[in-house]
Amino acid sequence: MGLLSGGAAEAGQGQAIPAGLLGPPRSRRLQPQGSAPRSWIPTMVLKVFFPSCCSSADSGLLIGRWIPEQNSAVILAVVHFPFIPFQVKQYLSEVQKVSQVDIVVLGTWCNNKQEKEENLGKFLDDLGTIFSHEPWLQISKEKGSKFWSCHTLSRQADTPTEDQVILVYYDQRKVMLSRLHPPEISLDNQPGVITAPDASKLAAVFDTVAKSEVLFMTDRYDDGPIKLTHWQSEGVEASIIVELAKQASVPVCMLLTGLLSLVSGLCKSRIFKFWPVSFIWSKLSTCEQVRYRLEHLRFVFSNQKAENQNQLMRKANIFVSLLVDVALGILLLSWLYRKNRIGQLADALIPVADHVARELQDLLQWLMGVPAGLKMNRALDQVLGRFFLYHIHLWISYIHLLSPFIEMILWYVGLSACLGLTVVLSILSDIFALLTFHIYCFYVYGARLYCLKIYGLSSLWRLFRGKKWNVLRQRVDSCSYDLDQLFIGTLLFTILLFLLPTTALYYLVFTLLRLLVVIVQGLIHLLVDLIDSLPLYSIGLRFCRSYRLAAGVKFRVLEQEEGRPLRLLMQINPLSYGSVVQTYRLPTYSCYPKDTWGSLYGRVEAGKAGNDHGNLYNQS
């Protein structure tokens, strides 16, 4: 064990030591300075994890778990006098059945701070014959001193052995409530870094304390025959409040589960599977967000108990995310309905739409002239410009037709804030998509026209080289053309080539406008995903009770003197905030893009992005 090496043996008080404390036992002893070297004696290093809450407990029996693979003993509680050995054995067997942990009597504890307990030493030594455990621990606290002594008895030897003992104090409450996360595996045996074998040994200690929860239901104030000292001996933490909350939550969860099942059944009815309704349901972000939140509510208020710690943390994160989402929505609702801000937004919407329409008209007028000094095909330029100007005129008429109903629409949108801020943001994204529908139409028209010309030019270019595209075999084959085919192909190629700059300019301008709209919608959806996926409960737990999310442990030397057990204090290293977010991040409903930015650029250059609106939208 690295702790027993020369460098670690000289560590001072309060100095951190490597996590290799839990490593395999060595057979070399510490040598006092200035003494003659001793011969090597095969010994074992015994590690005893002692709860700090039991350091002032009255004398009694030490109960816990023996881990033979690590040559370690994990003390869980102290049994006080008076007790009957048969009742202690019966009680421990019942605890073993419930906790599935091999809890036994490991030895005796003697606190010599009281005069009346000085005569218990001989009696405590005799208990080793009743509770046969190998080895038998004898831990005692010297009267009027801070020093401790720890010995082990073996059946083969009647006298205490001189095995090297390391006494590790741990906070039983923190270890009981914490969850040890697997640390990063270190390739080098660097001091202070927990490696994979050490992590598994630490997990055995943490699991022993966590699974022994039933043992902590009995304390020294109970009227039963067994009186224990452990981390809850000073009072059970809010057990009455927790039980009352559990009993009250059962009917509430049953009622909410029934209502959510009814709503989910209505959403899955056949009326939503017909073409117009199913198409709208799949395209609107609001419908997806509502369905996503319904699944969250059904998961949180289900009657099924969480099977493991991960599922419990997921439920807590979803529940806190829902509460924060609704709270932010109510704050937004109170802000909107104060000082008639709904009417102010409705009055400002029409002038903004008219301003956008004027800007688009000015842009089209610029394209119909000589944009940036480029020589355009005037006939095609005029046709495309008038075509898009007519669409802008239709869009302005569409907005002014809805102007009497805009305030009422915004009023109902504000009421939807009761469902959460994410629902309002999803509705805002859908409204923004409807208000910019004309820009999407411009983009699709320009992309289809540009793609048609690109395909025509590529096909005619193959004609010049005596090639053609084989549709059946999906490859380019050689082909012989006659004179008429070559003449017509040359005319078409020339026409398409000279019309391409005009089409490409319109396509470029409308693609940039479409990307601007998609960026705005992407920012809204990023905010929605942030609220949906951020593990707020885990982050709050890390901030308030950092020991609940443990990344590992560190040890501090309390006492190190020759002839006495080495006393260490085990402290929990909390998980970093980045690791908390990465570990407990909630999944979202968003379909992340499968294409990279390079592939998207290739699709835009070839005019294929207009064929799939989802690719360009998701890439934002």
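For "transmembrane region", an unreviewed UniProt entry lists residues 318–337, 383–402, 409–436, 442–464, 485–509 and 515–539. The model shown above is a predicted one, and two of these listed stretches can be compared with what its coordinates contain. Over residues 442–464 the chain is 100% helix and 0% strand, with its end C-alpha atoms 33 Å apart. Over residues 409–436, by contrast, helix makes up 79% and strand again 0%, and the end C-alpha atoms are separated by 17 Å.

Before going further into these parts, it helps to have the whole chain in view. It contains 19 helices and 14 strands, and of its 620 residues, 41% count as buried. When contacts between residues at least 6 apart in sequence are considered, 71% of them join residues at least 24 apart. The accessible surface of the chain comes to about 34,600 Å², and 63% of that area belongs to carbon and sulfur atoms.

A good place to enter the structure is helix 8, which covers residues 285–300. This helix has 16 residues and reaches 23 Å from its first C-alpha to its last, close to the 22 Å expected at 1.5 Å a residue. Its buried residues are S285, T286, C287, E288, Q289, Y292, R293, L294, H296, F299 and V300. One of them, H296, has a relative accessible area of 5%, and because buried means under 20%, H296 falls within that class. Leaving out residues up to four places away in sequence, H296 touches I318 and L322.

Helix 8 also takes part in salt bridges, of which a search of the whole structure finds four. Within the helix itself, the side chains of R291 and E295 meet in a salt bridge with an N to O distance of 3.0 Å. These two residues are four places apart in helix 8, about one turn of the helix. An α-helix has 3.6 residues a turn, so residues three or four places apart point the same way. R291 counts as partly exposed at 31% relative accessibility, and E295 is also partly exposed, at 44%.

Another residue of this helix, R293, reaches to other parts of the chain. D325 forms a salt bridge with R293, the closest N and O atoms being 3.2 Å apart. This pair links distant parts of the chain, since D325 belongs to helix 9 (residues 309–336) while R293 belongs to helix 8, 32 residues apart. Both D325 and R293 are buried. R293 also meets the side chain of D532 in a salt bridge, here at 2.8 Å from N to O. In this case the link runs between helix 8 and helix 15 (residues 483–533), where D532 is found, and the two partners are 239 residues apart. D532, like R293, is buried. Elsewhere in the set, salt bridges that share partners join E288, R291 and E295 into one network.

From these buried contacts the view can turn to the surface. A nonpolar surface patch of about 920 Å² is made by Y337, Y398, L402, F405, M408, I409, W411, Y412, L415 and L434. The elements that give two or more residues to this patch are helix 11 (378–402) and helix 12 (406–415). Helix 12 gives the most, with five residues. L415 lies in helix 12 and has a relative accessible area of 34%, and because the partly exposed class runs between 20% and 50%, L415 is placed there.

The last stop is helix 13, covering residues 421–435, where F432 is found. With a relative accessible area of 25%, F432 is partly exposed. Setting aside neighbours within four places in sequence, F432 is in contact with V517, V520 and Q521. The C-alpha atoms of F432 and Q521 are separated by 7.8 Å, although these residues are 89 apart along the chain. In the UniProt listing, F432 falls in the range 409–436, and V517, V520 and Q521 fall in the range 515–539.

Key:
Residues numbered from 1 in each chain as written. Predicted model: local features only at pLDDT ≥ 70, side-chain atom pairs only at ≥ 80, totals over all residues. Heavy atoms only, no water. Buried < 20%, exposed > 50% of the residue type's maximum accessible area, 1.4 Å probe, protein only. Contact = heavy atoms within 4.5 Å. Areas by Shrake-Rupley, 256 points an atom, 1.4 Å probe, with all protein chains shown as cover. Expected span 1.5 Å × (residues − 1). Patch = residues over 30% accessible without salt bridge, like charges linked within 9 Å, V, L, I, M, F, W, Y side chains within 5 Å. UniProt positions renumbered as here; feature names shortened; annotations may be inferred.
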